[in-house]
Structure formats: structure tokens, C-alpha cells
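User: Please take me through this structure in short questions and answers. Keep the cut-offs explicit.

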Amino acid sequence: MRKIRAIVKRADKAEPYVTNISDSLENFQKFVGGYIEAVTISDDLVIICNEEGRLQGLPYNCTVLGIPFYGDILFVSTDGDEFADCHMEMAMLALLLSGK
């Protein structure tokens, strides 16, 4: 299975970290604890989150571009319709702008 580089931002930890994660729907669902939603941040950067994080009562994580996220999230890049290795500079900038 192909792995991609992602930035992980856990709701219970202040500091994000870089990891390699298996690029599969099942793995992403396991990571966020439910159905995934890919929220576009820029042309080639998305946040993968739990689509019902707030409804499920997951803890607040951060707000990026005015969008609040609940539960653990992943920053990944895109290459067409596929997820790809995260462009680190863009994800770190998004995290800096999040204020948390």
C-alpha cells in the first residue's frame, strides 16, 4: 500500500507532527474516527477531518480560514483527484494562521 507524508494535528496536543500514513479510505476513516471530509484549503492542500466531528462531540482542535475543526485532522496535498505528499510549507502556514 502506498504511503503519503501528512501533517497530523491531534485535538489533544498543541504541536503538529509529520508522519507517513497509508493512503486508503479505511485508514483515513480509522484515523479521524468516522466518515472523512476533505476540506480544500488551497489548490493543492486539504484537511482530512471527521465529517461529523462536532455532532459527535469530538474535542475542538483548531480553526483554519474561519472553519472550526473537531477531533484529529490530517493535512495532505493533492495531485489531481489523488491525495499526495503534503507540501509542508503550506500546511505549516495554515497551522500558524489557525491560532492554535
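The turns below cover a helix, salt bridges and aromatic pairs.

Analyst: This is a predicted model, in which local features need pLDDT of at least 70, side-chain atom pairs count only at pLDDT 80 or more, and totals for chains, interfaces and linings use all residues. Residues are numbered from 1 along each chain as its sequence is written, and side-chain values use heavy atoms, with hydrogens and water left out.

User: Which residues of helix 1 are buried?

Analyst: Helices (H or I, at least four residues) and strands (E, at least two) are DSSP runs, numbered from the N terminus. Buried means under 20% relative accessible area, exposed over 50%, and partly exposed in between (1.4 Å probe, protein chains only). Helix 1 spans residues 25-32, and its buried residues are Phe-28, Phe-31 and Val-32.

User: Why do the buried residues of helix 1 line one face?

Analyst: The view is down the axis of helix 1. The arc is taken from the directions from the helix axis to the C-beta atoms. On the other side, Glu-26 and Lys-30 are exposed. The buried residues line one face because they fall within an arc of 85 degrees.

User: How many salt bridges does the structure hold?

Analyst: A salt bridge needs a side-chain nitrogen of Lys or Arg within 4 Å of a carboxyl oxygen of Asp or Glu. Arg-2 and Asp-23 meet this way at 2.5 Å, N to O. Asp-72 and Arg-10 do so at 2.7 Å, N to O. The count of salt bridges is two.

User: Is Asp-23 buried or exposed?

Analyst: Asp-23 sits in the loop between strand 2 and helix 1. Its relative accessibility is 18%, so Asp-23 counts as buried.

User: What is the geometry of the pair Phe-28 and Phe-83?

Analyst: Rings of Phe, Tyr and Trp (its six-membered ring) pair if their centres lie within 6.5 Å; planes under 30 degrees apart count as stacked, over 60 as edge-to-face and the rest as tilted. The centres of Phe-28 and Phe-83 are 5.3 Å apart. Their planes are at 90 degrees, so the pair is edge-to-face.

User: How many residues apart in sequence are the parts tied together by Phe-28 and Phe-83?

Analyst: Phe-28 is buried, with a relative accessible area of 2%. Phe-28 lies in helix 1 and Phe-83 in strand 8. The pair therefore ties together parts 55 residues apart in sequence.
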